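Colleague: Could you walk me through one part of this model up close? Pick a helix, and tell me how it sits in the rest of the fold.

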Amino acid sequence: MSTALPTVTDETVTDWALAAADGDSEAVDRFVRALQRDVRRYVAYLADDAQAADDLAQDTFLRALTALHRFEGHSSARVWLLSIARRVVADSLRLAARRPRTVGTTDWEDAAERAQPTGLPGFEEGVALMQLVDSLPRDRREAFVLTQLYGLPYEEAAEVARCPVGTVRSRISRARLNLVAMMADGHDTTCRTEAAVA
């Protein structure tokens with residue numbers, strides 16, 4: 001019977017990362033366990049590919065553990081790790097663009113059904129929520145997910161997204177306006193996308 005891992009603070013995770021950088025193998029294990037779910041969810045969102053999430057998360061931790069001796073704690077370990085995850089996904093997308101892969105299945109409908117996320121609050125509510133969020137412009141969607149779903153402070157979200165804090169605030173504000181407008185239009189998920197200049 002599995003139990004959920006307790007929530008740990010960014011300060012604690014950062015302390016574990018610093019201890020791991022000094023060679024503490026137990027701290028390495030705690031660091032990975034504390035952040036593995038966040039990393040998997042983040043790479044699945046960025047890559048828009050739930051099937052590839054495990055491989056991307058593993059690659060993220062491999063890169064992070066290789067570079068851990070250079071981590072100095074100038075930002076939280078969570079932000080540092082999500083920045084690495086962002087680069088992993090970007091590299092993966094570039095590779096896929098250069099060498100498209102073929103799907104090794106003839107039953108694409110079954111594969112699509114198995115790739116659907118589970119554990120949503122309810123089918124209709126979950127579908128409606130994901131359609132609304134997914135229809136946001138990419139920059140606004142990323143800022144919204146980082147701050148409203150992952151709970152990152154705006155400053156840390158700005159580090160992950162590599163943009164000023166004011167830009168994150170603007171993107172969140174615009175995302176909320178888009179969502180309110182879409183809900184008022186009867187859940188029309190076709191977002192009237194303004195130029196993504198957030």
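Modeller: Sure, and some context before the close-up. Read along the sequence, the chain goes α-α-α-α-α-α-α-α-α, so to speak a run of nine helices with zero strands. Keep in mind that this is a predicted model. Of the 198 residues in the protein chain, 37% count as buried.

Let's take helix 3. It has 15 residues, and from its first C-alpha to its last it reaches 21 Å, close to the 21 Å expected at 1.5 Å a residue. Its buried residues are A53, L56, A57, T60, F61, A64 and A67. Looking down the axis of helix 3, you find these buried residues within an arc of 135°, so they line one face of the helix. The spacing in that list fits a general rule: an α-helix has 3.6 residues a turn, so residues three or four places apart point the same way. Turn to the other side of helix 3 and you meet D55, Q58, L62 and T66, which are exposed. As for what lies over the buried residues of helix 3, the cover includes helix 2 and helix 4.

Those neighbours lead into the wider packing. The largest nonpolar core has 51 residues, and F31, Y42, V43 and W80 are the ones with the most contacts inside it. Helix 3 (53–67) supplies at least two residues of this core, and so does each of helix 1 (10–21), helix 2 (25–47), helix 4 (77–98), helix 6 (123–134), helix 7 (138–149), helix 8 (154–161) and helix 9 (165–184). Helix 2 gives the most, with ten residues.

Y42 is a good residue to click on here. Leaving aside residues up to four places away in sequence, Y42 touches L82, A85, R86, E142, L146, Y150 and V160. For the chain as a whole, take the contacts between residues at least 6 apart in sequence: 65% of them join residues at least 24 apart.

For the outside, the accessible surface of the protein chain comes to about 12,300 Å², and 52% of that belongs to carbon and sulfur atoms. One residue to look at there is E11, found in helix 1. With a relative accessible area of 56%, E11 is over the 50% cut-off and therefore counts as exposed. The C-alpha atoms of E11 and S75 are separated by 10.0 Å, although these residues are 64 apart along the chain.

Methods. Residues numbered from 1 in each chain as written. Predicted model: local features only at pLDDT ≥ 70, side-chain atom pairs only at ≥ 80, totals over all residues. Heavy atoms only, no water. Core = buried A, V, L, I, M, F, W, Y, C linked by side-chain atoms within 4.5 Å. Buried < 20%, exposed > 50% of the residue type's maximum accessible area, 1.4 Å probe, protein only. Helix = DSSP H or I, 4+ residues; strand = E, 2+ residues; numbered from the N terminus. Contact = heavy atoms within 4.5 Å. Areas by Shrake-Rupley, 256 points an atom, 1.4 Å probe, with all protein chains shown as cover. Expected span 1.5 Å × (residues − 1). Arc of directions from axis to C-beta.
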